[in-house]
Amino acid sequence: MKKRKQMITPLIFLLSITFLLMTSYKNNHKDPLDRFKTVSHYKQEKQNRYEDYQRQNPNLSTEEIVTHVNIGIDQAPYTNTMQTPFLNKIYLLTNKYLYLPENYIPNELERVDDTYTNGNKQLVKEAKIAFEQMAYDAKKEGYTIRVVSAYRSYSYQQVLYQNYVLKDGIEKADTYSARPGFSEHQTGLVIDVDNKEKDFNHFELTEEFTWMKKNASKYGFILRYPKGKEKITGYNYEAWHYRYVGKKIAQDIVQKDITLDEYYVKYIENN
Ligand SMILES: [Zn+2]
């Protein structure tokens with residue numbers, strides 16, 4: 001009896017070790033391609049692109065791979081483009097992969113109070129109301145936030161872009177100007193601002209910029225092309241360009257410290 005007990009104990013020990021080793025082997029040799037499927041916004045039809053992008057960017061996390069590929073940045077700007085859905089919604093997205101129809105004019109465009117512009121600027125009503133409130137509150141604290149560009153039509157953007165291409169060539173123009181149909185200004189949800197003293201492209205150096213950094217999201221605006229996110233947005237850093245997305249999304253984006261492009265593929269596109 002005693003001898004039998006002595007044999008069982010090492011047997012259990014041996015079985016346990018074998019089990020542990022097998023489990024650990026299985027975990028370490030899980031099909032590596034399967035891990036993309038664990039990301040909530042995974043898309044079966046993009047599996048090959050996830051794999052290619054992962055090989056080119058071995059340091060990115062699985063989630064970053066899926067997010068970037070869903071945005072489209074594994075491919076050159078302006079390739080694989082499609083018309084953006086959710087027209088006339090405040091969460092509509094345009095970037096170098098999603099464009100607006102040539103004849104798209106947003107609903108409810110209204111002229112912004114000239115007190116806060118350099119003359120005749122239009123925004124979608126909801127964005128206009130939010131902006132005027134923001135500019136009014138800033139003014140009370142002694143800051144001047146003035147709109148120098150807002151809604152731009154397709155044809156106006158076409159002229160702008162063509163002039164930039166003539167001046168700087170396509171490659172350079174693409175880093176700072178959108179091609180017609182791809183400009184966020186056509187949504188009527190965007191403002192370029194200055195403080196009336198410095199040119200808009202020096203807005204970063206103003207006290208108004210600091211004020212916007214702290215307060216814009218409370219009114220539903222986000223800095224659309226932040227520093228350090230150029231690869232994701234496809235645009236140079238623009239301290240003067242703000243996009244209206246509504247308070248909830250704006251505050252969510254600030255809190256998560258992500259771009260609208262990332263937010264869109266994670267929380268909007270599939271919901
Ligand atoms: Zn702009």
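In this predicted model, helix α9, residues 247-256, and helix α10, residues 260-268, have axes that come within 11 Å and cross at roughly 110°. Because of that crossing angle, α9 counts as roughly perpendicular to α10. The side of α9 that takes part in the contact is made up of Lys248, Ile249, Asp252, Ile253 and Lys256, which meet Leu260, Tyr263, Tyr267 and Ile268 in α10. Sorted by class, the residues in the contact of α9 with α10 comprise six nonpolar and three charged ones, with no polar residue.

Helix α10 has a further helical partner in α3, which spans residues 62-71. The axes of α3 and α10 come within 9 Å and cross at roughly 100°. This angle is also the reason why α3 is classed as roughly perpendicular to α10. On the α3 side, Glu63, Thr67, Asn70 and Ile71 are in contact with Asp261, Glu262, Val265 and Lys266 of α10. The classes in the contact of α3 with α10 are two nonpolar, two polar and four charged residues.

How far is α10 enclosed by the rest of the structure? Seven of its nine residues are buried, and therefore α10 is largely enclosed. The buried residues are Leu260, Asp261, Glu262, Tyr263, Tyr264, Val265 and Ile268. Their packing partners are α3 and α9, together with the strands β2 (98-99), β7 (221-223) and β8 (241-244) and the helix α8 (230-233). Several of these buried residues also appear in the helix contacts: Leu260, Tyr263 and Ile268 meet α9, while Asp261, Glu262 and Val265 meet α3.

The strand β8 (241-244), against which buried residues of α10 pack, leads to the metal site. The zinc ion is coordinated by NE2 of His185, by two OD contacts from Asp192 and by ND1 of His241, at 2.1 to 2.7 Å. Along the chain, the donor residues follow the spacing H-x6-D-x48-H. What is the geometry of the site of the zinc ion? The angles among the four donor atoms run from 52 to 153°, and the site is irregular. A tetrahedral assignment would require all angles to lie between 85 and 135 degrees, so a site with angles of 52 to 153° does not meet that criterion. For reference, the ideal angle for four tetrahedral donors is 109.5 degrees. Two of the donor residues can also be placed by accessibility. His185 has a relative accessibility of 2% and therefore counts as buried. Asp192, at 7% relative accessibility, is likewise buried.

Attention now turns to residues with greater accessibility, beginning with helices α6 and α4. Thr175 is located in α6, which covers residues 170-176. Its relative accessibility is 32%, so Thr175 counts as partly exposed. Leaving aside residues up to four places away in sequence, Thr175 touches Lys96, Tyr235 and Asn236. The C-alpha atom of Thr175 is separated by 15 Å from that of Gln157, a residue 18 positions away along the chain.

Helix α4, residues 125-140, contains Lys139, and Ile129 is found in α4 as well. Lys139 has a relative accessibility of 48% and thus counts as partly exposed. Ile129, with a relative accessible area of 48%, is also partly exposed. Each can be related to a residue elsewhere in the chain. Lys139 and Tyr116 are 23 residues apart along the chain, and their C-alpha atoms are separated by 9.7 Å. For Ile129 and Glu110, which are 19 residues apart, the C-alpha separation is 9.5 Å.

Finally, two asparagines deserve a look at the level of the backbone. Most residues other than glycine have a negative phi. Asn88, by contrast, has a positive phi, near 65°. Asn88 lies in the loop between β1 (82-83) and β2, and its relative accessibility of 38% makes it partly exposed. Asn120 also has a positive phi, near 50°. Asn120 belongs to the loop between β3 (109-111) and β4 (122-124). Is Asn120 buried or exposed? At 51% relative accessibility, Asn120 counts as exposed, because the class begins at values over 50%.

Technical notes
Residues numbered from 1 in each chain as written. Predicted model: local features only at pLDDT ≥ 70, side-chain atom pairs only at ≥ 80, totals over all residues. Heavy atoms only, no water. Donors = N, O, S within 2.8 Å, 3.2 Å for Na, K, Ca; no water. Tetrahedral: all angles 85-135°; square planar, octahedral: opposite > 155°, others 65-115°. Buried < 20%, exposed > 50% of the residue type's maximum accessible area, 1.4 Å probe, protein only. Axes fitted to C-alpha atoms, helices over the stretch in contact; angles between N-to-C directions. Helix = DSSP H or I, 4+ residues; strand = E, 2+ residues; numbered from the N terminus. Parallel < 35°, antiparallel > 145°, perpendicular 65-115°, else oblique. Contact = heavy atoms within 4.5 Å. Nonpolar A, V, L, I, M, F, W, Y, C, P; charged D, E, K, R; others polar.
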